[in-house]
Amino acid sequence: CVYTESCSVPTSEIIAVEETELNKKQRNAGKWQKMTKPYAFTVYYVKKARNHRWRCSDVTFWCIDEHLCNQWIQALKELLERQKSRPKQLLVYINPCGGKRQGKRIYEQKVAPLFSLASISTDVVITEHANHAKDNLFEVNINKYDGVVCVGGDGTFSEVMHGLIGRTQKDSGIDQNNPKAPLVQCNIRIGIIPAGSTDCICYSTVGISDPVTSALHIIVGDCQPLDVSSVHHNNTFLKYSVSLLGYGFYGDILKDSEKKRWMGPMRYDYSGFKTFLSHHYYEGTISFQPAKHTSGSPRDKDSCRTGCYICKKSEQQLAEQHKACGLKHEEDKEEWKVIKGKFLAINAVNMSCACPRSPKGLSPAAHLADGSADLILVRKCSRFDFLRYLVRHKNQDDQFDFSFVDVYRVKSFQFTSKLSEDNESNVTDIGKKRFGQFCRDHPACCCNIANSTWNCDGETLEVYCQLMKLFARGIEENCKDEAAYSQSSVEESL
């Protein structure tokens, strides 16, 4: 068997194997002209480039023995069949209005051909209105699918996430409105094809906002557990979040930008500049429970990467918890720490919240699946100092190295505005006070909580460790250059 080039790739990253028909021009070229009747097959595989980008590449093998050629094809296909984590049938939701309104084109031109190559069957739904995907997930036969794919931005992901988690709890007889209910983990993975304005969740879990890269992660069946935070008001469920809940500066930006969606991604620049000039601060009380079960801290340099040992340790603890009593939400007896003050921004993040404009994110050392959130408090300061803090999100300096910035790793927290405190006459336990406000309809990436224009009161935010899974593997360590990656032979399979 002769091959045109040498390449090294694990079996798990082979996409497909197909018999190849050689045309007359190919048969007369190079070494092939010496063969009376060459037979060939092509191996399609993942080729890794810099900056976490993946591409579909291929290499063709040929020989004069038809039986030998067929043996290779059969052997390789059997190896792929053993990859049980790979999806065979997917439910796809496409938001045609997200970002630059390119979702349908991106899927049809860049993603669908790859799914077809990998022999993945798909049922495609083009969403027609807000919460279409969420509502549809409560109606479809979800058990026939190996995963759900959303093509759009963070808002589209939010719909799918809420629909899938809600459907799982409904099928399991769990009342989401009960804040003490033991939520059931979602075993169906979600794939994200980025086609929005920021694509924060995709960038923070894959390392790049690129449709082809995300499609290939789905094809090879990657699995990345993800923490989910829940917010309740009394016995009413409000929302889930997997990235950022922002009060103050970031919440105000999102509130203002929602009115200017016609501007496209530029609306964030405009609203950000406008909000920065307003320099509003909010007075209130923060109470939180430190996350003592997880290693590391928000200020260390131990970023979450593929195979993260901190997340694995949390996974082991979760498995032991399941073995003992299931995913049980118990009343915590630990004391709440309390902080009062005037704040420009209060942010709780379950992940780094990185994006192309802020490659490190809001909390560079936040972990995807350790059962905790990083609580970032930016106290009232001058515009100049606040600008210094914002600029550090774009460079390599420590963004928490300011006297007016505090950061804590927590498993739950609450917020009470000064306005609410003044209106509460018989408050004796700060740990039981109200959280604040969470907009029900805002995307999962950022939740708007604007003082004095609150939509509804909220209670404690709780972090559920690894409640759901993505078709991702976390951010890999930077690959070596492309040429170094493609060497020697195809491991295991060839």
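A residue is called buried when its relative accessible area is under 20%. With that cut-off in hand, strand β12, which spans residues 282-290, makes a good entry point to this predicted model: eight of the nine residues in β12 are buried, so the strand is mostly covered. The chain as a whole can be read with the same term, as buried residues make up 56% of its 494 residues.

A few overall figures help to set the scene. The protein chain holds 13 helices and 19 strands. Among its contacts with a separation of 6 or more, 78% are between residues 24 or more positions apart. The paragraphs below visit several places in this fold, beginning with the strand already introduced.

Strand β12 has pairing partners that include β13 and β15. With strand β13, residues 337-349, the pairing is antiparallel and extends over seven bridges. The link between β12 and β15 is also antiparallel, and seven bridges join these two strands. Gly284 is a handy landmark for both pairings: Gly341 stands opposite this glycine in β13, and Ser417 is its bridge partner in β15.

A second set of strands is arranged in the parallel sense. Strand β5 covers residues 89-94, and five of its six residues are buried, which leaves the strand mostly covered. Six bridges connect β5 with the parallel strand β6, residues 121-126, and one pair of bridge partners there is Ile94 and Ile126. Strand β7, residues 147-152, also runs parallel to β5 and is joined to β5 by five bridges; here Leu91 of β5 stands opposite Val148. Helix α3, residues 103-117, belongs to the picture too, since β5, α3 and β6 together form a β-α-β unit that is right-handed.

Beyond β6 comes a loop that leads to α4 (132-137), and Asn131 is found in this loop. Asn131 is not a glycine, yet its phi is positive, at about 65°. The relative accessibility of Asn131 is 30%, and therefore this residue counts as partly exposed.

His279 offers a companion case. This histidine, again not a glycine, has a positive phi of about 55°. His279 sits in the loop between α9 and β12. Is His279 buried or exposed? Its relative accessibility is 17%, so His279 counts as buried.

The helix before that loop, α9 (residues 266-278), packs with α11. Two packed helices are described by the angle between their axes and the distance between the axes. For α9 and α11, the axes come within 10 Å and cross at roughly 145°. On the α9 side the meeting residues are Phe276, Leu277 and Ser278, and on the α11 side they are Arg383, Phe386, Leu387 and Leu390. Sorted by class, this contact contains five nonpolar residues, one polar residue and one charged residue.

From α11 (383-391) the chain can be followed to the loop that lies between this helix and β15 (405-417), where Gln399 has its place. Gln399 has a relative accessibility of 1%, and so this residue counts as buried. Which backbone atoms does the side chain of Gln399 reach? One is the backbone oxygen of Gly361, at 2.9 Å, and another is the backbone oxygen of Leu362, at 2.7 Å. Apart from residues up to four places away in sequence, Gln399 touches Lys360, Gly361, Leu362, Ser363 and Pro364, together with Tyr389, Arg392, His393 and Val405.

The last stop is Met351, in the loop between β13 and β14 (373-379). Because its relative accessibility is 0%, Met351 counts as buried. Which residues surround Met351 in contact, once neighbours within four places in sequence are set aside? They are Ile201, Ser204, Thr205, Leu226, Val242, Ser243, Ala366 and Leu368. Met351 also illustrates how residues separated in sequence can be brought together in space: Leu244 is 107 residues away along the chain, while the C-alpha atoms of the two residues are separated by 7.8 Å.

Terms used
Residues are numbered from 1 along each chain as its sequence is written. This is a predicted model: local features need pLDDT of at least 70, side-chain atom pairs count only at pLDDT 80 or more; totals for chains, interfaces and linings use all residues. Side-chain values use heavy atoms; hydrogens and water are left out. Buried means under 20% relative accessible area, exposed over 50%, partly exposed in between (1.4 Å probe, protein chains only). Helices (H or I, at least four residues) and strands (E, at least two) are DSSP runs, numbered from the N terminus. Two strands pair if DSSP finds at least two bridges between them. A crossover is right-handed if, with the strands pointing away from the viewer, the path from the first strand over the helix to the second runs clockwise. A polar contact is a pair of N or O atoms within 3.5 Å; within protein, one must be able to donate a hydrogen and the other to accept it, and residues adjacent in sequence count only if both atoms are side-chain atoms. Contact means heavy atoms within 4.5 Å. Axes are lines fitted to C-alpha atoms, for helices over the stretch in contact, and angles run from 0 to 180 degrees between N-to-C directions. Ala, Val, Leu, Ile, Met, Phe, Trp, Tyr, Cys and Pro count as nonpolar, Asp, Glu, Lys and Arg as charged, and the others, Gly among them, as polar.
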